[in-house]
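Q: I'd like a close look at one helix in this protein and the company it keeps. Please walk me through its packing partners, and then through the surrounding interior.

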Amino acid sequence: MTDQAPKARSVRKPKGEGHVRRGEILAAAEQIFVAEGYEGATIRKIADAVGVSSTALYLHFRDKSEILNEICQHAFSILLARCQELAETETDPLVRLRKLLRSYVSFGFENTNAYRLAFMTPVGQIYADEKGLARVVAADLYASFEKGVEQALPPQHDLQRARVLAQILWASTHGLVSIVMMKPHLDWADRDDLIETQLDILLKALETQ
């Protein structure tokens with residue numbers, strides 16, 4: 001997936017393999033959702049960008065909410081997989097938490113369109129289908145992150161306090177990603193320096209809890 005602006009209209013394409021065409025639809029929709037907003041995006045616009053008819057697109061997705069749901073579910077799944085991998089490979093809980101936060105921030109900067117849709121889209125648009133996978137995976141992702149915060153705290157920690165700290169850590173890292181993303185014209189310092197300094201401050205504060 002890229003962040004280039006979608007083409008206005010593509011030449012109609014011959015029928016291809018289902019999973020390939022589905023991926024093309026998701027890639028085009030991701031760009032159109034970001035460029036024009038959820039309300040401005042239409043099935044026709046997405047179909048034109050891919051080079052298929054609206055009828056052909058409906059063979060893969062029932063409506064644009066299902067497309068958005070799958071884009072977000074994919075983003076959440078990538079981050080969840082990273083959380084699970086770190087839980088299995090990194091034994092130091094503070095180091096693991098730092099890597100979790102770093103992974104989240106890095107994903108945002110490396111996948112700006114997917115990040116905007118997954119974390120900066122009104123929740124009702126993503127979760128229009130209460131049984132949609134995006135809702136399920138997002139819940140699993142946050143639970144995995146909160147568990148990582150709990151494990152980094154001293155034994156016998158207060159569970160409510162751990163919940164507050166998890167939300168502060170998530171909101172703080174999201175704040176860095178979103179403001180740099182939305183204000184690219186500002187004279188930002190080196191990105192890695194920004195990220196590492198923020199993590200130093202957050203985790204130093206966590207150690208005092």
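A: Happy to. One definition helps before we start: a helix axis here is a line fitted to C-alpha atoms over the stretch in contact, and angles run from 0 to 180 degrees between N-to-C directions. Please also keep in mind that this is a predicted model. Two packed helices are described by the angle between their axes and the distance between the axes.

Let's centre on helix α5, which spans residues 93–110. One of its partners is helix α8, residues 133–152. The two pack at an angle of about 150 degrees, and their axes are 8 Å apart. The crossing is left-handed. From α5, the contact is made by P93, L94, R96, L97, L100 and L101, while α8 brings F145, G148, V149, Q151 and A152. Sorted by class, these residues are 8 nonpolar, 2 polar and 1 charged.

Another partner is helix α10, residues 191–207. Here the axes come within 11 Å and cross at roughly 145 degrees, and this crossing is right-handed. On the α5 side you will find L94, L97, R98, L101, R102, V105 and F109. Facing them from α10 are R191, D192, I195, E196, L199, D200, L203, L206 and E207. The class count for this contact is 9 nonpolar, no polar and 7 charged.

Now for a single residue of the helix. S103 is found in α5, and S103 counts as buried because its relative accessibility of 14% falls under the 20% cut-off. Setting aside neighbours within four places in sequence, S103 is in contact with L79 and R82. Those two belong to the stretch 64–89, which is helix α4.

That brings us to α4, where Q73 also lies. Q73 is buried too, since a relative accessible area of 18% is under 20%. Not counting residues up to four places away in sequence, Q73 touches L133, A134 and V137. Its C-alpha atom is separated by 7.9 Å from that of A118, although the two residues are 45 apart along the chain. A118 is one of the buried residues of α6, along with T112, N113, A114, Y115, L117 and F119. In that helix, 7 of the 8 residues are buried, so "mostly covered" is a fair label.

For contrast, look at A143 in α8. A143 is partly exposed, because its relative accessible area of 45% sits between the 20% and 50% cut-offs. Its C-alpha atom is 9.7 Å from that of L80, a residue 63 places away in sequence.

Finally, the wider interior. In soluble globular proteins, nonpolar side chains tend to be buried together. The largest nonpolar core in this model has 59 residues, and those touching the most other members are F33, I46, L57, I67, F76, L97 and F119. L97 is a familiar name, as it takes part in the contact of α5 with α8 and in that of α5 with α10. Two or more core residues come from each of α1, α2, α4, α5, α6, α8, α9 and α10. The largest share, 10 residues, is from α4. I67 shows how such a core member is surrounded: leaving aside neighbours within four places in sequence, I67 is in contact with I25, L26, A29, F33, I43, I46, L57 and F61.

How values were computed. Residues are numbered from 1 along each chain as its sequence is written. This is a predicted model: local features need pLDDT of at least 70, side-chain atom pairs count only at pLDDT 80 or more; totals for chains, interfaces and linings use all residues. Side-chain values use heavy atoms; hydrogens and water are left out. Helices (H or I, at least four residues) and strands (E, at least two) are DSSP runs, numbered from the N terminus. A crossing is left-handed if the near helix is turned anticlockwise from the far one by less than a right angle, and right-handed if clockwise. Contact means heavy atoms within 4.5 Å. Ala, Val, Leu, Ile, Met, Phe, Trp, Tyr, Cys and Pro count as nonpolar, Asp, Glu, Lys and Arg as charged, and the others, Gly among them, as polar. Buried means under 20% relative accessible area, exposed over 50%, partly exposed in between (1.4 Å probe, protein chains only). A nonpolar core is a set of buried Ala, Val, Leu, Ile, Met, Phe, Trp, Tyr and Cys residues joined through side-chain atoms within 4.5 Å.
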